[in-house]
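Good morning, and thank you for coming. I would like to walk through one model with you, from a single residue out to the whole chain.

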Amino acid sequence: MHHMKEAFEDMKLYIRGWMNYYGIANMGKHMIKLDEHIRHRIRQFIWLQWKKPRTRYRMLVKLKAPIDQAFMAAYSSRGKWFNSNLSAVKCALPNKMLANLGYYEVSSAYQHVRGKC
């Protein structure tokens, strides 16, 4: 998780730069969709770190995902992008947890810049 915090810090710098450039545009809905996409990608990155189905199952259960959904997600043969968007993964890795890890929301940054204008 140490590498993720560094990545979130780097991403925060880029987001601030984007907001300073695009902040004058009316792009609120686009920023919300971008946030959703980035969180999905972060969950996929975490999913890939849990390489084996047994590890995925164990981590999902540890992070309070329902046991039956955790089992289905961990042993699913669907792709990593699909699996990272399953309800068990979203339950185990909620938005609040990603924020605690250091994810800086694009939509929040946009609202902050728009408030200054």
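Let me begin with Gln44, which touches Lys80, Trp81 and Ser84 when residues up to four places away in sequence are left aside. Before going further, I should state that this is a predicted model. Gln44 sits in helix 2. Is Gln44 buried or exposed? With a relative accessible area of 6%, Gln44 is buried. From Gln44 to Ala70 the separation is 26 residues in sequence, and 15 Å in space from C-alpha to C-alpha.

Ala70 brings us to helix 4, which spans residues 67-74. Which residues of helix 4 are buried? They are Ala70, Ala73 and Ala74. These residues lie on the same side of helix 4, because the arc they cover around the axis is only 95°. On the face turned away from that buried side, helix 4 carries the exposed residues Asp68 and Met72. As for packing partners, the buried residues of helix 4 pack against helix 2, helix 3 (53-62), helix 5 (80-83) and helix 6 (87-92).

In the loop between helix 3 and helix 4 we find Lys64. Its backbone deserves a remark. Most residues other than glycine have a negative phi. Lys64 is not a glycine, yet it has a positive phi of about 75°. Lys64 is also exposed, at a relative accessible area of 68%.

I turn now to charge pairing. Side chains of opposite charge can pair when their charged atoms come close. How many salt bridges does the structure hold? It holds 1 salt bridge. The partners are Arg39 and Glu105, whose closest N and O atoms are 3.4 Å apart. Arg39 belongs to helix 2, while Glu105 belongs to the loop between helix 7 (95-101) and helix 8 (106-116), so the pair ties together parts that are 66 residues apart in sequence. On the side of helix 2, Arg39 is buried, with a relative accessible area of 11%. Glu105, for its part, is partly exposed, with a relative accessible area of 27%.

The next topic is empty space. Rolling a probe the size of a water molecule over the atoms shows where such space is left. In this model the largest pocket holds about 200 Å³ of space. Which elements give two or more residues to its lining? Those elements are helix 1 (2-22) and helix 2 (28-49). Helix 1 supplies the largest share of the lining, 5 residues. The lining consists of Met4, Ala7, Phe8, Asp10, Met11, Ile38, Arg41, Ile42 and Phe45. By character, the lining residues divide into 7 nonpolar and 2 charged, with no polar residue.

Finally, the chain as a whole. Its secondary structure comes to 8 helices and 0 strands, and the pattern along the sequence reads α-α-α-α-α-α-α-α. Along the principal axes, the C-alpha atoms fill a box of roughly 50 × 25 × 20 Å. The chain has 117 residues, of which 31% count as buried. How do the contacts spread along the sequence? Among those between residues at least 6 apart, 73% join residues at least 24 apart.

To return to where we started, Gln44 is one of the buried residues, and it lies in helix 2, the helix that also holds Arg39 of the salt bridge. I am happy to take your questions.

Terms used:
Residues are numbered from 1 along each chain as its sequence is written. This is a predicted model: local features need pLDDT of at least 70, side-chain atom pairs count only at pLDDT 80 or more; totals for chains, interfaces and linings use all residues. Side-chain values use heavy atoms; hydrogens and water are left out. On a 1 Å grid over the protein atoms alone, a cavity is a set of points where a 1.4 Å probe fits but cannot get out, and a pocket is an open set with protein on both sides within 12 Å along at least five of seven lines; lining residues have an atom within 4 Å of a point. Grid points are joined across faces, edges and corners, and a volume is the space filled by probe spheres set on the points. Helices (H or I, at least four residues) and strands (E, at least two) are DSSP runs, numbered from the N terminus. Ala, Val, Leu, Ile, Met, Phe, Trp, Tyr, Cys and Pro count as nonpolar, Asp, Glu, Lys and Arg as charged, and the others, Gly among them, as polar. Buried means under 20% relative accessible area, exposed over 50%, partly exposed in between (1.4 Å probe, protein chains only). The arc is that of the directions from the helix axis to the C-beta atoms. Contact means heavy atoms within 4.5 Å. A salt bridge is a side-chain nitrogen of Lys or Arg within 4 Å of a carboxyl oxygen of Asp or Glu.
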